[in-house]
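Trainee: Could we go through this model together, one question at a time?

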Amino acid sequence: MNEHYLAGDIGGTKTVLALFSTETGPFRALDSEIFPSQGFDSLEAIVKQYLSTRDMRIYGASFGVAGPVKGERAEATNLPWMMDARSLSSLIDGAPVRLLNDLLATAHAVPYLTSADIHTIIQGEENSRGVFGVVAPGTGLGEAFLVWNGARYEAYPSEGGHANFGPATQDELELLRYLLLRLGHVSYERVCSGRGIPNLYGFLREIRNMAEPGWLRESLASAADPTRVILQAAVEEKAEICVETLELFLDILASEAGNLALKVMATG
């Protein structure tokens, strides 16, 4: 019998829902749709809209949530939502629902990656049973790790993205001083995520006195998401301040990836 399952990636910027079946397997979605998270007052509202146009029985659902999960309830870090597995289950005819941290969900997938999914930056010596570290900048900064238990890898969540930012250069030290005056507490998420990109940009404009072209100032003033404007201008090399913002972001991300590798001894 072909059974259908609902999967969701719940982020502060967007929510992605997708359907999978036992016939086609877990690597190919039958259907998916992206929703702007800020445009809805709950995950239930998104699930209800998604399923309203799809007439099929759902046998189970799993949602990766950008935030901590306690039992059957989860609160999104960058959304005013409280999610409840039992409430979501009632929307899909009582099928079982699991909520889990989004990076925990990502970590679960790591052992199943193939060579086609992997880009090696620096070749290392792999330990086939070593710990895996996972770091993922999205709207926030997620971290997780996997440990071999003798039979398989077990994934564990982390809130390491909220740990104190540790500057590695003089520029980053000045960045920390700049943000401490404005934010009070500066975590890695404040400088190494979608939410952190405008902080880096503001530092370069206000402290480094980098030029801000008029067209860019206007685009940022009218943008619902300034991060998207900054990154697009960086990738297209339209403004030096945006290129420098992206390079500073990448330096900090590389440093924090190294920190995570040290903390969990990620030899896998």
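**Strands, helices and cysteines**

Trainee: How many bridges join S9 to strand S10?
Mentor: Strands are DSSP runs of E of at least two residues, and helices are runs of H or I of at least four, numbered from the N terminus. S10 covers residues 141-148 and runs antiparallel to S9. One of its residues, phenylalanine 145, is the bridge partner of glycine 133. The bridges joining S9 to S10 number six.

Trainee: What kind of model is this, and how are its residues numbered?
Mentor: Local features need pLDDT of at least 70 and side-chain atom pairs count only at pLDDT 80 or more, while totals for chains, interfaces and linings use all residues, as this is a predicted model. Side-chain values use heavy atoms, without hydrogens and water, and along each chain, as its sequence is written, residues are numbered from 1.

Trainee: Which strands stand at the edges of the sheet with S9 and S10?
Mentor: Two strands pair if DSSP finds at least two bridges between them. The order in this open, antiparallel sheet is S9-S10-S11. An edge strand has a single partner, so one side of it is left without a neighbour in the sheet. That describes S9 (132-137) and S11 (153-158).

Trainee: Which helix packs on the sheet, touching S9 and S10?
Mentor: Contact here means heavy atoms within 4.5 Å, and angles run from 0 to 180 degrees between N-to-C directions, with axes as lines fitted to C-alpha atoms, for helices over the stretch in contact. Helix H3 (residues 102-109) lies across S9, S10 and S11, at about 40° to S10. The helix you ask about covers residues 240-264, and its direction makes about 155° with that of S9: it is H8.

Trainee: Which strand pairs with S7 over three bridges?
Mentor: Look at the open sheet with the order S5-S6-S7, where the pairing is antiparallel. S5 (69-70) and S7 (82-84) are its edges, so each has one side without a neighbour in the sheet. One pair of bridge partners is alanine 74 with methionine 83 in S7. The strand pairing with S7 covers residues 73-75 and is S6.

Trainee: Are H4 and H5 roughly parallel or roughly perpendicular to each other?
Mentor: The axes of H4 (residues 170-183) and H5 (residues 197-206) come within 10 Å and cross at roughly 105°. Angles under 35 degrees count as roughly parallel, over 145 as roughly antiparallel, 65 to 115 as roughly perpendicular and the rest as oblique. Therefore H4 and H5 are roughly perpendicular.

Trainee: Which residues in H5 does H4 meet?
Mentor: H4 brings several residues to this contact, including Asp171, Leu175 and Arg182. In H5 they meet Asn199, Leu200, Gly202, Phe203 and Glu206.

Trainee: How far is the sulfur of cysteine 192 from the closest cysteine sulfur?
Mentor: A disulfide is a pair of cysteine sulfur atoms within 2.5 Å, and by this rule the count is zero. The closest sulfur to that of cysteine 192 belongs to cysteine 242, too far for a bond, at 18 Å.

Trainee: Is cysteine 192 buried or exposed?
Mentor: Buried means under 20% relative accessible area, exposed over 50% and partly exposed in between, with a 1.4 Å probe and protein chains only. Cysteine 242 has 1% and is buried. At 0%, cysteine 192 also counts as buried.

Trainee: Which residues is glutamate 3 in contact with, leaving aside its neighbours within four places in sequence?
Mentor: Glutamate 3 lies in the segment before strand S1 (4-10) and is buried at 19%. Its C-alpha atom is 8.3 Å from that of phenylalanine 20, 17 residues apart along the chain. The contacts are Phe20, Ser21, Thr22 and Tyr59.
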